[in-house]
Amino acid sequence: MADMDHLYNGPHPPPTQATTPTASSRAAQHHHITSIAMPATFPPPAPTSHGGCNGTGTLPPPMSSNESFSNFFESWIAEQSRDLEELRTAASAEPAAPEADLRRLVDQVLGHYAQYYNTKAAAAADDVNMMFTASWTSTTEHLYLWCGGWRPTAALQLLYTKSGMQLQQQLPVFLDGGGLKDDLSDLRAAELQAADQLQHRTITREREIEEVAASAQEALTSKTMVELAGGGGLEAGVMDREMQTKAEGMRRVLEMADGLRLETMREVVALLRPAQAVHFLLAAAELHLAVHDFGRRKDGHAGNAAAAAAAPSK
């Protein structure tokens, strides 16, 4: 699951309805919200012995000035595909893989997520605009974006959905006296309670980030901007400085949102047993890659159709 915000159906508690904040309340809360601790960069992934894009088990280092984030994203998609195969192998292994091996695999996958967000943060520092108009994702993926990526609570929805599906598959055997597999069907009461608490914390954090986003977007209507617009925007230097300031506000939103995305993934994994974490990360990778591939194919077909329609008839 990278930059996707999908809606899942599952037995999750509905979020509490919140009243719509006014512009004055946003302004009053802005200083408090923007002080929320959120690192500009994320902890680097730990080295692993698994194969990667550079043969050392990790993705290439953060891009240089002459390497586009689009190219990095393609390498990250390839790495996620390799992770997917390892997760599938581990999830279906008979007998089950040793717990230590599962932990190493989970750490590897989380490390690749961390490096993705580190590299994304570095690219956003150079040009945050492209992060909100990403050319490396499809129009289908764009439809579900939240603050430059997938909505963090979607990770909890995915957990509930996959757990319900696996439980339903094993229910006949369980009702006949058999045991459940060590996957997401066997979530214990303590794990479900921890997931519920995490969901509520994450919903609160999402709303705080949305407040910061609202303030950043409304800043476009500042007195200086209105005066510049009324003058035809001819003071190019002033306009450029103002727009850079506004863009910095949106970069902060992206930083906070990406930090919460990574934190939520880590916290979901932390409340699960290693075998369950493998199944969760497997479901996340399958969903992201499936929607990414679908969107690319759909955009390709649309592009071909548009080119055919624009071609002169013979």
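In this predicted model, the side chains of Arg261 and Asp258 meet in a salt bridge with an N to O distance of 2.8 Å. Both partners belong to helix α9, where, being three residues apart, they are separated by about one helical turn. Arg261 is buried, its relative accessible area being 0%, and Asp258 is likewise buried, with a value of 3%. Elsewhere, salt bridges with shared partners bring Asp182, Asp186, Glu191 and Arg273 together in one network. The structure holds 19 salt bridges, and the chain in which they occur is built with 10 helices and zero strands.

**Salt bridges beyond the buried pair**

- Asp101 and Arg104 form a salt bridge through their side chains, with 2.1 Å from N to O, and because the two are three residues apart in helix α3, about one helical turn separates them.
- Asp101 is partly exposed, with a relative accessible area of 34%, and Arg104 also counts as partly exposed, at 46%, whereas Arg261 in the α9 pair has a relative accessible area of 0% and is buried.
- A further salt bridge brings together the side chains of Arg151 and Glu210, at 3.3 Å from N to O; this pair links distant parts of the chain, since Arg151 sits in the loop between α5 (139–142) and α6 while Glu210 lies in helix α7, 59 residues away.
- Both ends of that link are partly exposed, Arg151 at 25% relative accessibility and Glu210 at 32%.

**Overall fold and burial**

- Read along the sequence, the chain follows the pattern α-α-α-α-α-α-α-α-α-α.
- Of the 314 residues in the chain, 43% are buried.
- When contacts are restricted to residues at least 6 apart in sequence, 81% of them join residues at least 24 apart.
- The chain exposes about 16,100 Å², of which 58% is supplied by carbon and sulfur atoms.

**Two buried positions in the helices**

- Leu254 has its place in helix α9, which spans residues 236–270, and its relative accessible area of 2% makes Leu254 buried, because the limit for that class is under 20%.
- Leaving aside residues up to four places away in sequence, Leu254 touches Lys120, Ala124, Val128, Met131, Phe132, Cys147, Gly148 and Arg261; Arg261 in this list is the residue that also pairs with Asp258 in a salt bridge.
- The C-alpha atoms of Leu254 and Ala213 are separated by 8.9 Å, although these residues stand 41 residues apart along the chain.
- Thr202 is found in helix α7, which covers residues 189–218, and Thr202 counts as buried at 2% relative accessibility.
- With residues up to four places away in sequence again left out, the contacts of Thr202 are Pro152, Thr153, Leu156, Leu260 and Thr264.

**Largest pocket**

- The largest pocket has a volume of about 460 Å³, and of the 22 residues that line this pocket, Ala91, Lys181, Asp182, Asp183 and His279 are the closest to its centre.
- Asp182, one of these residues, is also a member of the salt-bridge network with Asp186, Glu191 and Arg273.
- Helices α2 (69–92), α3 (99–126), α6 and α10 (274–310) each supply at least two residues of the lining of the largest pocket.
- Which helix gives the most to the lining of the largest pocket? That helix is α6, with five residues.

**Nonpolar surface patch**

- Leu167, Leu171, Phe174 and Leu175 make a nonpolar surface patch of about 360 Å².
- Leu167 is found in helix α6, which runs over residues 153–175, and α6 is also the helix with five residues in the lining of the largest pocket.
- At 34% relative accessibility, Leu167 counts as partly exposed, and Leu167 can therefore belong to a patch, for which over 30% relative accessible area is required.

How values were computed:
Residues are numbered from 1 along each chain as its sequence is written. This is a predicted model: local features need pLDDT of at least 70, side-chain atom pairs count only at pLDDT 80 or more; totals for chains, interfaces and linings use all residues. Side-chain values use heavy atoms; hydrogens and water are left out. Helices (H or I, at least four residues) and strands (E, at least two) are DSSP runs, numbered from the N terminus. Buried means under 20% relative accessible area, exposed over 50%, partly exposed in between (1.4 Å probe, protein chains only). Contact means heavy atoms within 4.5 Å. Accessible areas come from the Shrake-Rupley method with a 1.4 Å probe; for residues, only the protein chains shown count as cover. Patches are made of residues with over 30% relative accessible area and no salt bridge: like charges are joined within 9 Å, nonpolar side chains (Val, Leu, Ile, Met, Phe, Trp, Tyr) within 5 Å. A salt bridge is a side-chain nitrogen of Lys or Arg within 4 Å of a carboxyl oxygen of Asp or Glu. On a 1 Å grid over the protein atoms alone, a cavity is a set of points where a 1.4 Å probe fits but cannot get out, and a pocket is an open set with protein on both sides within 12 Å along at least five of seven lines; lining residues have an atom within 4 Å of a point. Grid points are joined across faces, edges and corners, and a volume is the space filled by probe spheres set on the points.
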